[in-house]
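Reader: I'd like to learn how to read a model like this one, feature by feature. Can you take me through it?

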Amino acid sequence: MTKIAIIGAGSAFTKELVVDILNIQDLHEGIFALVDIDEKRLQLAQQLVEKLVELSGKKWSVLASTDRRKVIKDANFVINQIEVNGMETVKSEFEIPLKYGVKQCIGDTLGPGGLFKTLRTLPTWIEIIRDLEELCPQTIILNYTNPMSAVTLLTSKITNIPVVGLCHSIQNSSHQLAKYAGVPYEEMKWRAGGINHMSWFVELSHNGKDLYPVLLEKIKDPKLLAKDPVRLDAMKYLGAFVSESSGHFSEYIPYYRKRQDLIDIHCNVGYNGATGFYADNWPVWRRENNEMILKQLSGAEPIDFKGSDEYAALIIEAVLNNKPKVIYGNVLNNGLISNLSQQGVVEVACMIDRNGIHPCHFGKLPEHLAALCRSNMSFFELAVSSVLEHDKEMAMHALMSDPLTAAVCSLDEIKAMFTELYEKERHLIAELN
């Protein structure tokens with residue numbers, strides 16, 4: 001019987017992923033094993049998943065425990081969506097860098113926030129991997145936790161269990177591009193590659209016509225440009241559209257957040273780059289998500305059973321039913337993109353079938369795009385290695401290599417910022433010497 005473990009089941013992703021899995025044809029029964037260290041959120045997740053199973057009419061059972069070892073044995077798939085002490089640290093990881101002029105929007109992938117999230121997350125994830133190796137070594141890991149590249153890279157370094165990092169930025173961005181260009185999505189042809197949150201649509205066409213000249217003409221309309229200001233502006237100069245939102249992307253490069261006048265021009269509101277967007281809103285989103293689940297359980301709000309664009313269910317269906325699918329996944333490079341680090345994690349098209357994950361060769365990225373990816377990959381390599389080697393200086397060097405931090409601060413200021421963050425969170429992060 002198919003068993004799917006969801007670790008960090010209190011996450012907002014759980015509802016979408018479970019609906020997608022229950023919508024898989026010819027998969028009528030199985031076991032959902034839910035794990036979360038927050039007992040109240042776990043109870044909510046369990047009640048929600050049980051309600052979804054009931055509505056589906058399928059014969060899935062639901063296990064739930066704050067002790068993962070009790071429920072993950074023999075899991076065919078493990079979905080990782082853990083968050084380690086994020087609520088406790090989201091304010092300090094924004095406010096301390098802000099003192100040094102680093103104005104983050106999201107702060108969960110690169111920069112000071114991304115680094116300390118890496119240092120918080122990886123030790124816990126290592127412990128989970130060791131349990132997976134013992135209790136379900138034949139599983140496939142589907143990782144949703146950010147920093148995506150860092151978590152996937154760490155996993156690839158320490159275990160032979162297959163892992164793929166899954167995001168929704170390629171799906172979302174390709175649909176956005178079709179709307180911006182004014183063409184039917186089903187008729188648009190595209191090819192993308194790079195790293196998570198920085199994959200590049202290097203080819204974009206409709207009926208054989210290159211869509212980039214069309215987009216460049218359309219964004220002369222300031223109303224369209226304002227919808228996605230960083231990505232569309234960067235496209236003018238870099239020649240390709242990037243896969244992640246303007247807010248995320250603005251943090252991964254040195255051009256848009258180093259001065260307030262640039263932030264005012266390009267990073268207007270919300271996911272488009274508002275300073276402090278996650279720090280100010282994440283606690284509210286979590287509360288609202290819990291409230292929505294309670295309303296859905298009581299019947300006060302309807303439960304939408306429409307499938308999402310997430311890849312997890314596509315992978316599960318392809319493996320179990322041998323129905324090959326193509327997804328975009330984060331995997332170890334190993335020759336997939338020739339001018340990026342071969343030991344790093346890249347995001348490319350992957351074919352999935354009963355034999356698992358088969359990444360597709362991409363080739364060479366345009367060199368200027370590869371250069372932007374490399375700076376991020378060096379950050380991830382240093383951050384992950386600092387955890388594995390318990391090396392505090394290596395973690396600090398990761399922050400020194402971060403494009404945004406380096407654009408704003410001197411090396412002395414970065415050291416001071418790192419030290420202040422380290423002292424604030426040392427009880428929560430990896431043990432570093």
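Reader: Where does Pro147 sit?

Author: Pro147 is in the loop between strand 5 (140-143) and helix 5 (148-158). Helices here are DSSP runs of H or I with at least four residues, strands are runs of E with at least two, and both are numbered from the N terminus. The peptide bond that joins Asn146 to Pro147 is cis, with omega about 0°.

Reader: Before we go on, what kind of model is this, and how are residues numbered?

Author: This is a predicted model, so local features need pLDDT of at least 70 and side-chain atom pairs count only at pLDDT 80 or more, while totals for chains, interfaces and linings use all residues. Residues are numbered from 1 along each chain as its sequence is written, and side-chain values use heavy atoms, with hydrogens and water left out.

Reader: Okay, back to backbone angles. Which phi value does Asn85 have?

Author: Phi of Asn85 is near 60°, a positive value in a residue other than glycine. You'll find Asn85 in the loop between strand 4 and helix 3 (86-99). His197 is another case: its phi is near 70°, also positive in a non-glycine residue. His197 belongs to the loop between strand 7 (188-195) and strand 8 (198-206). Also look just past helix 13 (residues 312-321), where Asn322 follows with a positive phi near 50°.

Reader: Are Asn85 and His197 buried or exposed?

Author: Start with the cut-offs: buried means under 20% relative accessible area, exposed means over 50%, and partly exposed is in between (1.4 Å probe, protein chains only). Asn85 is at 31%, so it counts as partly exposed. His197 is at 2%, so that one counts as buried.

Reader: And how do I read burial for a whole helix, say helix 1?

Author: Count its buried residues. In helix 1 (residues 13-22), 8 of the 10 residues are buried, so the helix is largely enclosed by the rest of the structure. Among them are Lys15 and Asp20, alongside Leu17, Val18 and Ile21. The buried residues of helix 1 pack against several elements, including strand 1 (3-7), strand 2 (29-35), helix 2 (39-56) and helix 13. Helix 13 is mostly covered too, with 7 of its 10 residues buried; Glu317 is one of those.

Reader: What does Leu122 touch?

Author: Contact means heavy atoms within 4.5 Å. Leaving aside neighbours within four places in sequence, Leu122 is in contact with Ala150, Val151, Leu154, Val384 and Val387. Leu122 is found in helix 4 (residues 111-135) and counts as buried, at 0% relative accessibility. Its C-alpha is 7.6 Å from that of Leu154, 32 residues apart along the chain.

Try Lys59 in strand 3 (residues 59-65) next. Lys59 is exposed, with a relative accessible area of 66%. Beyond its neighbours within four places in sequence, Lys59 is in contact with His28, Glu29 and Gly30.

Reader: Which residues have the most contacts inside the largest nonpolar core?

Author: A nonpolar core is a set of buried Ala, Val, Leu, Ile, Met, Phe, Trp, Tyr and Cys residues joined through side-chain atoms within 4.5 Å. The largest one has 140 residues, and Phe32, Met198 and Trp200 have the most contacts inside it. Helix 14 (residues 367-388) gives the most to this core, with 10 residues. There's also a second, separate core of 5 residues, including Cys105 and Phe277.

Reader: How many disulfides does a search of the whole structure find?

Author: A disulfide is a covalent bond between the sulfur atoms of two cysteines. The cut-off is a pair of cysteine sulfur atoms within 2.5 Å, and the search finds 0 disulfides. For Cys167, the closest cysteine sulfur, in Cys350, is 13 Å away, too far for a bond. Cys267 is in no disulfide either; the nearest cysteine sulfur, that of Cys105, is 7.6 Å away.
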